[in-house]
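Dear colleague,

I am passing on the structure we spoke about, with the sequence alongside. Please look through it first; my notes on what was found follow below.

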Amino acid sequence: MSDIIKILPSDVSNKIAAGEVVQRPSSVLKELIENSIDANSTRIQIIIKDAGKNLIQVIDNGRGMSRNDMHLSFIKHATSKINKIEDIFSISSMGFRGEALAAIASVSMLEMESINDDQNGHFIEINGGELIREKDSNIQEGTSIKIKNVFYNVPARRNFLKSDFVELRHIIDVFHRLAISHPEIEFSFINNEEEIFYLKEESLNKRIISIFGEKIRENLIPINENTQIANISGFVLKPEFAKKSRSNQFIFVNNRFIKSQFINHSIFSSYDGLLRDGYYPGYFLFIDIDPTRIDVNIHPNKTEIKFDDDQNLYSIINSSVKHCLGIYQVSPVLDFDKDPSMDISYDKVKSQPTSPNIEINSDFNPFKDFNDEEMSKIFDEDLPLNNKLNLEGDNNQALKIFQILNKYIVSTNKSSLIIINQNLAHQRILYESFLKSIFENYVNSQKLVFPIELSLTKKQLLLYNKIIDEFKSIGFDIIVRNELMLIESIPFGIEKNNVEEVIEKILNEDFNTSNDFSASDFFAKRLSKITSIKSGQKLNLDEQEYIVNHLFSCKEPNLSPDNKQIFITLNKNDIENKFNG
Ligand code: ADP
Ligand code: MG
């Protein structure tokens, strides 16, 4: 037989690598900004269009590149940041694998202009990894890189991108992380021609206030602890500022944003007794640690990290946070009701019909396409632009809502009418909330005095074994022996009497890898379908309001977990056409 092993052509291998480095527009933005930071820029401008799908541009005033370096920069493993293998262990720059630009260039149309030292500025254009044009440029300083049509040559990925709203959310997350860890850099951020952030060079606490708004100021408690293992600094937020989501949790190791369950847990337990159930503390924690004691390279996106000595670090962080909460004499008697957030906690999911305390944004218009401003106003409880109003109380701007056919909720807004399918809307609300519980591992369960026994078929048992973790993570405590299931605890919110039915129904349908991304996705979909309010069910006003408000605080309010349209809108034109048609 002839030889069959081939070395992949570089454009193919770059595209494959691109899948690791570049998942979505926000990952492109992250790599570009990190390169600008590594180039010692003091000013970085970001320009994006259509949530980065059509344009992501980063302009900096950093050291720039020579012509030759511009050519090399988009070749895989071309990096100016490491020379020998030891460098990897003591690296302090953001990127160092030399694969980001190559990966990005291979899946987009890229234009780069740069000027370096005494050379003249230069311009190059690359499509799908191929150099197609170059010329002189009159760029005055630094580097400007434009990424157009990301994934234009990988339709599977392009189609996989989420709505502009979701992609922009990711982009803003990335921006927040980098802006917080680099308050010494001036940033401006233009989205669809509108400047949505301008941050001048400032101190860390001012930067946090500039991003999250004035009301965070009095909640910032400084933390500062130097130990042999690590130095801890930054701010933790008073328990009054705790949220029902983890959106205010920022951890940076050697000034790089990371995710770490065990650090989150360590801080969370420092707040023991200070937080109401279901609330998470906020923090901006900077850990400085000898780079040889960590491994940042375990994940291509480098947001995960391994520590040599995580047990000691756990205790150091835990006691530092306790210490600073103690110094600021945070009292355990707090009035949490002042700041209810829009997030639903798991235990409210099923027992919602009692007069929910919901805040909505009076300016919210579900008929408009979501733009960045809408998004930051309505969907991010943490942004300063937030201007919420309480539905309760006699506010004449409150939404007018009613139900028709025991199936749809009708709501009006300035000039349009919105008709929501109650069942699909509730599925969406539950689905996001279940996923959240699964991923955040926030267990909220009740022990049953008399465990429930259920006998399973072989097929059900097989499926159960695939989704054991999901069952656990939302609060089921189940023992299986032979073909008998013993349910000892159930999540709050699921009625005891329904448990058998719910479990049976979940286990009656195997998951289908073409529709379900993962076991978690399957589980959340099934459970939301089974436990949602059905068509035909009469809803009182509170329930209707609950659905409308929670639907529009979902990440993807348009589509049900099975991709069915949740609501339709009739605007002035639609209505007038009906009369004239
Ligand atoms: P890495 O950052 O891992 O080195 P990249 O593919 O992100 O790899 O970038 C490749 C090289 O291109 C960098 O090492 C750097 O020398 C150069 N480079 C990229 N962006 C910039 C920039 N904005 N300013 C100066 N040099 C840059
Ligand atoms: Mg880089």
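A disulfide is a covalent bond between the sulfur atoms of two cysteines, and here a pair of cysteine sulfur atoms has to lie within 2.5 Å to be counted as one. Please keep in mind that this is a predicted model, and that the structure holds zero disulfides. Two of its cysteines can be placed by their accessibility: Cys324 has a relative accessible area of 5% and Cys554 one of 4%, and because buried means under 20%, both of these residues count as buried.

Turning to the interior, the largest nonpolar core has 59 residues, among which Ile46 and Phe284 touch the most other members. Helix H6, residues 164-181, supplies the largest share of this core, with eight residues. Leaving aside residues up to four places away in sequence, Ile46 touches Leu29, Ile33, Gln57, Val58, Phe175, Phe187, Ser188, Phe189 and Ile190. Another core, of 32 residues, lies apart from that one and includes Phe434, Leu454, Ile474 and Val499.

There is also a helix pair to examine. The axes of helix H11 (residues 422-440) and helix H15 (residues 519-531) come within 8 Å and cross at roughly 140 degrees, which means that H11 is oblique to H15, and the crossing is right-handed. On the H11 side the contact involves residues including Tyr431, Phe434 and Ile438, while H15 contributes, among others, Phe523, Ala524 and Leu527.

With best wishes

How values were computed:
Residues are numbered from 1 along each chain as its sequence is written. Chains are lettered from A and ligands numbered from 1 in the order in which they are written. This is a predicted model: local features need pLDDT of at least 70, side-chain atom pairs count only at pLDDT 80 or more; totals for chains, interfaces and linings use all residues. Side-chain values use heavy atoms; hydrogens and water are left out. Buried means under 20% relative accessible area, exposed over 50%, partly exposed in between (1.4 Å probe, protein chains only). A nonpolar core is a set of buried Ala, Val, Leu, Ile, Met, Phe, Trp, Tyr and Cys residues joined through side-chain atoms within 4.5 Å. Helices (H or I, at least four residues) and strands (E, at least two) are DSSP runs, numbered from the N terminus. Contact means heavy atoms within 4.5 Å. Axes are lines fitted to C-alpha atoms, for helices over the stretch in contact, and angles run from 0 to 180 degrees between N-to-C directions. Angles under 35 degrees count as roughly parallel, over 145 as roughly antiparallel, 65 to 115 as roughly perpendicular and the rest as oblique. A crossing is left-handed if the near helix is turned anticlockwise from the far one by less than a right angle, and right-handed if clockwise.
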